[in-house]
Amino acid sequence: MKPCEHDDLTITPEKQGADRYMKISYPFRYGRFSGIKSRQYIFQFNLNGEIKTIQGRGEGWLDASEWLKRTAGNDWVYFAAGGYTGAYDFTGEYYVPCLPYDSNGIFGQNRFQSPEVTEAFAAWHRLMDRLKTLDLRDRTEEEKDLIRRVLAMGPKVLGQRAQRLHEIIGGPVSVLPPDTRHVEYDIIPITIADGCLYNCGFCRVKSGNGFKRRDKDDIRRQILALKAFYDRDIVNYNAVFLGQHDALFAGTNLIEFAARQAYELLELQNSVMREPKLFLFGSVDSLFRADAGLFEMLNALPFETYINIGLESADPETLSRIQKPLTREKVTRAFHRMITINQAYSRVEISANFLYGADLPETHIPAILELTRNQLDHFYSKGAIYFSPLENMGPVQTVKNTFTEFKTLCRLPVYFYLIQRL
Ligand code: SF4
């Protein structure tokens, strides 16, 4: 659609970005969206008219290749270009999402205190005020429709919509699986089971409740409500997260029901984004309980499936200190099951988390290396190892040195877990 200029504003009612997610070292936009460009900023809106990204232009902006992105949970994320600082090696991504809340720690600076970011938000508010008084005579129907949608999605409404999203699924998603980085964290969340099996002492994201499945009526209710919630913008989604912390334990029947219903009711076959993906967390015990039938079912779904398992450590002293009710033997067995499944099923990938923290016993990292190097006969490209950061990571340079040494020795891809909520 041809852009239209109003004074210094260029309005593009609809634009098409890439139709698949890529690892790319320059700013890239996905799916279908609208844009309003001023002299200093590019504002992009999703198909509901909700602000989606803000990117500065020229002087007064931090870096021409960096931008702000708003999530469906109404958090702003600053995408920092990390390619030239080696962030790709550490995170698997060229851009590091920096969050306004306590999260990843060592990568990227907190940009939310910077005057440039404050000014970008002020510019968005000024744009909204300006659109209210814009003369709409002689404008096309598409332009008028876009302006109406944008004006209906002011900051207060965006906050209420995030609350609505959380109401539908039963609360905020405290943490997304690390593999959701493959879809720039743009997932539709569906809760199929609450709580988790272990309630580990160290964990900051647990609900504190025991594991409990949702019933099929509730899952269907969520999917239909989510379809109404995402509304016109649903065509930009091709990825689903089955929550909460151990959806794998929900079993074959419920996982298949949720995945297939989501695919059909959300009409993901019509998404402008290709290669649908399904994400879930699992635990050591849910991995043991999952039989071949479960993985065959996943392999036959219209999604590529990513399951992330919290192993945390293979060191008995560390497991005891973090109060994770597992043994070295169980963690080792789960690790080898992960390797076997990754080789057996082309459309299923299991990744594993291990903790990283300065206060963990010295035996922790060597125990993980024993597993991920000494117990593997060659390098496997499938099945990433994620280091999940604890509050005290220690000096940044030590973290980077330890990580680099580990990555060189490990026989699996290794990254840091970029913890993000929704
Ligand atoms: S680490 Fe996983 S299993 Fe342990 S309390 Fe947190 S969410 Fe539950």
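The protein divides into two domains, with domain 1 running from 4 to 154 and domain 2 from 170 to 416, and I should say at once that what we are looking at is a predicted model. The contact between them draws 29 residues from domain 1 and 30 residues from domain 2, while the C-alpha centres of domain 1 and domain 2 are 29 Å apart.

If we turn to that interface, the area buried between domain 1 and domain 2 comes to about 2,700 Å², and carbon and sulfur atoms contribute 53% of it. Six salt bridges are counted between domain 1 and domain 2. Elsewhere in my notes I have one salt bridge by name, in which the side chains of Arg 274 and Asp 19 meet at 3.1 Å, N to O.

Now to the ligand, which takes up the space of the largest pocket. Around the ligand we find Cys 196, Tyr 198, Asn 199, Cys 200, Phe 202, Cys 203, Lys 206, His 245, Glu 312 and Lys 324. How does this shell divide by residue type, and how many are nonpolar, polar and charged? Five residues of the shell are nonpolar, two are polar and three are charged.

Terms used. Residues are numbered from 1 along each chain as its sequence is written. This is a predicted model: local features need pLDDT of at least 70, side-chain atom pairs count only at pLDDT 80 or more; totals for chains, interfaces and linings use all residues. Side-chain values use heavy atoms; hydrogens and water are left out. A residue is near a molecule or strand if one of its heavy atoms lies within 4 Å of it. On a 1 Å grid over the protein atoms alone, a cavity is a set of points where a 1.4 Å probe fits but cannot get out, and a pocket is an open set with protein on both sides within 12 Å along at least five of seven lines; lining residues have an atom within 4 Å of a point. A molecule sits in a cavity or pocket if more than half of its atoms lie within 2 Å of its grid points. Ala, Val, Leu, Ile, Met, Phe, Trp, Tyr, Cys and Pro count as nonpolar, Asp, Glu, Lys and Arg as charged, and the others, Gly among them, as polar. Domain bounds come from an automatic or database domain assignment. Contact means heavy atoms within 4.5 Å. Buried area is the accessible area (1.4 Å probe) that two parts lose on being put together, summed over both. A salt bridge is a side-chain nitrogen of Lys or Arg within 4 Å of a carboxyl oxygen of Asp or Glu.
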